[in-house]
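Reader: I am a first-year student and would like a close look at a single part of this protein. Could the account please begin with the cysteines and then turn to the helix packing around them?

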Amino acid sequence: WAGVRGLLPYPDLPRRIRMRRAAFRLITCNRWPGDDATGNDAAQLALLRLLWLQRRVRRAVRSRHTEEAAYLARAVVDACIIGLYCLHSGNAVADLSAANNSAARRVLGYLADDDLIPQSAIDAAAEELGEHGRDPNLRKWAEWLAKEKGLWIAPRLYTAYYVPLSHFFAHTNAFTLTRHVRPDDSVRRRPRSPWARRPPVRVTDGCTGLLAAAIADKAGSPSADFLTSYAAAHLDRSLAPAFTLAARGWRHSMQWRKIPAALRAIRALSRYLDGPGHDDDLAQQEARVREGFTIALGVLGLDQDEMFRVAIDEFVALVLTRMNTPGSAPETAV
């Protein structure tokens with residue numbers, strides 16, 4: 001159901017209008033304070049960028065420009081994580097400014113390559129800008145938000161969306177090149193999209209609501225609860241590119257005659273995890289859980305695939321850990 005829900009339309013025009021109005025009210029930085037800028041000021045600029053990108057993503061999706069929508073969605077995740085980091089970290093503005101100063105040398109490097117300006121002059125000018133630093137490390141910033149502020153959604157956005165969108169769309173590699181190749185090895189002009197049509201909108205709406213909710217919460221705004229629920233409603237309907245790509249492969253390899261047995265196995269496994277499974281020893285638990293997952297996922301027709309066996313091992317290990325962790329509710333293991 002989660003996968004189907006991610007593919008269905010989700011009309012929310014009144015809520016989206018309310019969300020955008022509430023988000024714009026949170027932007028109180030009418031004039032940029034320069035060197036006196038705070039993390040909250042930078043987060044507001046990130047929110048402005050998200051509100052601008054939100055309309056561009058929706059326009060691209062309406063026009064069925066899937067490639068453009070994916071590029072924009074990647075920029076959305078980037079702005080969301082950086083905005084959250086700016087809001088919660090006291091060093092964010094300094095880090096971004098130092099990275100920007102370092103970028104000046106690279107941006108102007110072509111002038112030295114063309115012998116228009118000596119490299120020494122470019123270096124001297126760059127030094128006058130102020131302290132230099134490295135480019136933002138989105139992964140580390142997302143991990144910091146999870147570890148220090150409990151925002152576990154940040155590393156999930158990075159791993160589930162930013163990394164796949166970079167690999168599947170932004171970077172030229174073996175995968176992006178073979179998107180121009182059909183299953184029969186003929187070449188196509190328009191690349192096949194590994195993502196569905198609507199997820200870019202869900203990711204964009206969710207990230208915009210997420211950053212707006214964080215700013216509202218820190219400001220004590222009464223709109224924080226609404227913005228949080230708005231973000232959750234869209235992020236819960238988002239489908240990661242890797243899931244969509246895998247689902248298309250599963251559709252072709254699906255063994256439909258095994259579906260009734262798979263559904264029975266899922267129900268039986270759920271009942272086992274909800275009750276008697278906690279009374280068995282570890283070996284019995286592993287055998288029962290492995291059997292249930294093998295039958296349930298057998299409908300995909302990947303029984304002989306090494307990745308299938310690795311996935312089963314990972315699922316079993318995860319469930320056993322949850323089952324035997326004190327305080328874990330039985331249903332959370334499912």
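Author: A disulfide is a covalent bond between the sulfur atoms of two cysteines. In a structure, a disulfide is recognised as a pair of cysteine sulfur atoms within 2.5 Å. The model shown here is predicted, and a search of the whole structure finds 0 disulfides.

Cys207 illustrates this result. The closest cysteine sulfur to that of Cys207 belongs to Cys80 and lies 4.1 Å away, which is too far for a bond, because the cut-off is 2.5 Å. Cys207 is also buried, with a relative accessibility of 0%. Cys29 is likewise buried, at a relative accessible area of 16%, because buried means under 20%.

Cys80 leads to the helix packing, for it is among the residues of α4 that meet α9. Helix α4 covers residues 66–88 and helix α9 covers residues 153–170. Their axes are 9 Å apart, and the two helices pack at an angle of about 145°. The crossing of α4 past α9 is left-handed. On the α4 side, the residues in contact include Ala70, Tyr71, Val77 and Ile81; on the α9 side, they include Leu157, Tyr161, Leu165 and Phe169. By class, this contact has 14 nonpolar, 1 polar and 3 charged residues.

As for the setting, the protein has 17 helices and 0 strands. Of its 334 residues, 41% are buried.

Conventions. Residues numbered from 1 in each chain as written. Predicted model: local features only at pLDDT ≥ 70, side-chain atom pairs only at ≥ 80, totals over all residues. Heavy atoms only, no water. Buried < 20%, exposed > 50% of the residue type's maximum accessible area, 1.4 Å probe, protein only. Axes fitted to C-alpha atoms, helices over the stretch in contact; angles between N-to-C directions. Helix = DSSP H or I, 4+ residues; strand = E, 2+ residues; numbered from the N terminus. Left-handed = near helix turned anticlockwise from the far one by under 90°. Contact = heavy atoms within 4.5 Å. Nonpolar A, V, L, I, M, F, W, Y, C, P; charged D, E, K, R; others polar.
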